[in-house]
Amino acid sequence: MAKIIDEVSRTFSEYLLIPRLTRREHQVKNVSLRAPVARFNTKAGEESQFSLNIPFVSASMQSVSGPEMAIALAREGGLAFIYSSQTIEAQAEMVAKVKAHKAGFVASDSNLRPDNTLSDALELRRKTGHSTMAITDDGSKNGVFLGILTDKDYCEFDDEKKRPVSEFMTARENVVLARVGISLHEANVMLHKGKKECLPILDQDGCLQSLVFKKDYVNHMNNPHELTDKQKRFAVGAGINTHDYTERVPALIEAGVDVLCLDASDGYSDYQKEAALWIRETYGDSVIIGGGNVVHGDAFRFLAQEARLDFVKVGIGGGSICITREQKGIGRGQASALMAVAKERDKYYEETGVYIPLCSDGGLSNDTQIIIALAMGADFVMMGRYFAMTSESPTPRVSIGGGIYKPYWGEGSNRARNWQRYNQGSGEAGMKFEEGVDAYVPVVGNVKDVLDLTLAKIKSVMCNMGSLTVKEFADNAVLTRISEQSFIEGGTSNVLSLEKNIPRNV
C-alpha cells in the first residue's frame, strides 16, 4: 500500500511573515545579500569558496540564459546558468564569451584585417552591433594591433565600400594605447585625458589583449556588487546533463565556467550520483557542482551525502510553464518541498558541520514569494520567467495585441528538444510527451531595473525582520498560515481603484 503524507502540499502564497524587532542598526544600507553556493565545513573553519552577491540565478533554459543575460546578471551580483540543450561547442563558446568580459576589460569581438573592405566592416557591425572595430594583422582578437575603426571614420552612404579599411582607420601611431597591467582606474584616467571612448590594451609584443570602453568603466563604477572571479572576469554557470558529461564538462571547464549544475526535472537518481562522482574523481573539490531537483529530505541527503554535491535545487512542477505534475502526477507544493528539504539540510549540518546551500527553483510568481522562499531556508532562488521577461533574455521581441512580448518555452517542451533532460536510460532519442509548454511573456525592462526593485523589497523586509544577512533572515523568520479570507483582506477593499475607475482626464 502506498505511504500517504497527511500534510497538505503548500505554496508560498499561503504564508505571511510576522515582523520581528527592528533595531537601529537594521537599515537597508547595512543589509548584505551574499549567499553561499559551494558547501563548506564550519567545524573545519571553512567558508564557501564561491558566493553570490545577490541571491539570484537564472534558469538553464534556451529562452532565458544566453551570454547577454549572464553578463547582465553577473554585473548585478548574480549568476546565469548557460543552457545545456545545445552542442558542447556552442555552450562552451557562450561560456567563453562571458569570461571574455573582465569587469571593464573586454576581449575584442569585432576585428578586421587592414585589407578587409569597408563593406566587410559594415557587415560586421550589423552582425555584432558594435561600431568600434580593432584592426589587427590577422584579423584576430589577439593579433598585432594596427589601428582602430569607428563609425566616425567613414560615411556609410557616401564612401566607396570596396576600399580597404586601412584607408579609413586611425593608425596605431595615432591611437592612445596602454600596456597589460594597467588598472581600470588608470585606464579610465587615460581615456578622460585623451578624450577617447576606447583604449586598446597591448602586450609587450604589440598584440591586442583587450579593450577598455569609457561606458564600461561607468557601468563598473555603478555596479559595485559585480560577481567576478580572481582574474576579475564575470562569473558564469552552466547546466549539464547526465548523458554526455564526460565530454561536456571538460569543454566547459576549459572555457572557464565557475559553477556547474546537473539539470533534471527529478534529481533523485543514480544518474546524477554517477555524474557528480565522476566530476569529483576527475577534478576534485575545486569544481563547484549543484544538482536536483528534489522535494523531500531523503532525496536531499542522497545528493548531499552520496553524490557530494555543493548545492541542491528544490522544486518539481512549480514553474510557470512546467506541466510535470499534470503529465506525471509527481511533485510537491513549493513551500512544503522547501521546508522539508531545509529541515533535512539543517539536520545534516548539525550532524556533520557541513552546510549545503539550497536553491529554490520554481513556484515564484512575484517578489513576495521570493521573500518567503528566502525566509523558509533557501540560500538563493533560480527563476526562468522572471528573467525571460527582461531585455537581455535571448529571444526576440514580438508584438501581440499592441503589447510587446518575448517567447518563453520550457526545457521539457518539444520546442526545446531537450530529451536528454528527461530521458531515464531508455536509450531512445526524442520525447514521447511534453513536461513544459510554449508561451509568451511581457517585456518588463532590463535586468538591472527589474532586480533593483526586487532587491529593495527584500532588504526592506529583512529590516522588518531584524536581520542583516540572508542566513539571519531565515533563522529569525516567523511565518503564519493564512486563510482565503485573510488573503482577500490583504488586498484593497471598499475603495475605488484609481487605475480602473477614475478617468485619466478628470
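**Pocket, helix and strands**

Colleague: Which residues lie nearest the centre of the second largest pocket?

Modeller: This is a predicted model, in which local features need pLDDT of at least 70 and side-chain atom pairs count only at pLDDT 80 or more, while totals for chains, interfaces and linings use all residues. Residues are numbered from 1 along each chain as its sequence is written, and side-chain values use heavy atoms, with hydrogens and water left out. A pocket is, on a 1 Å grid over the protein atoms alone, an open set of points where a 1.4 Å probe fits, with protein on both sides within 12 Å along at least five of seven lines, and its lining residues have an atom within 4 Å of a point. The second largest pocket is lined by 47 residues, and those nearest its centre are Ala 35, Pro 36, Ser 48, Phe 50 and Ser 51.

Colleague: Which helix gives the most to the lining of the second largest pocket?

Modeller: Helices (H or I, at least four residues) and strands (E, at least two) are DSSP runs, numbered from the N terminus. Strand E2 (35–36), strand E17 (259–262), helix H10 (334–352), helix H11 (367–375) and helix H15 (470–476) each supply at least two residues of this lining. With 6 residues, the one that gives the most is H10.

Colleague: Why do the buried residues of helix H6 lie on the same side of H6?

Modeller: Buried here means under 20% relative accessible area, computed with a 1.4 Å probe on protein chains only, and in H6 (residues 245–255) the buried residues are Tyr 245, Arg 248, Val 249, Leu 252 and Ala 255. They are on the same side of H6 because, counting directions from the helix axis to the C-beta atoms, they cover an arc of only 125°.

Colleague: Which are the edge strands of the open sheet E9-E10-E11-E12?

Modeller: Two strands pair if DSSP finds at least two bridges between them, and here 4 strands form an open sheet with mixed pairing. E9 is joined to strand E10 (residues 133–136) by 2 bridges, and these two run parallel. The strands that pair on one side only, and are therefore the edges, are E9 (111–112) and E12 (170–171).

Colleague: Which residue in E19 is the bridge partner of Gly 291?

Modeller: Strand E18 (residues 288–294) and E19 run parallel and are joined by 3 bridges. In E19 (residues 311–314), Phe 311 and Lys 313 point one way, with Val 312 and Val 314 pointing the other way, and all are buried. The bridge partner of Gly 291 is Val 312.

Terms used:
Buried means under 20% relative accessible area, exposed over 50%, partly exposed in between (1.4 Å probe, protein chains only).
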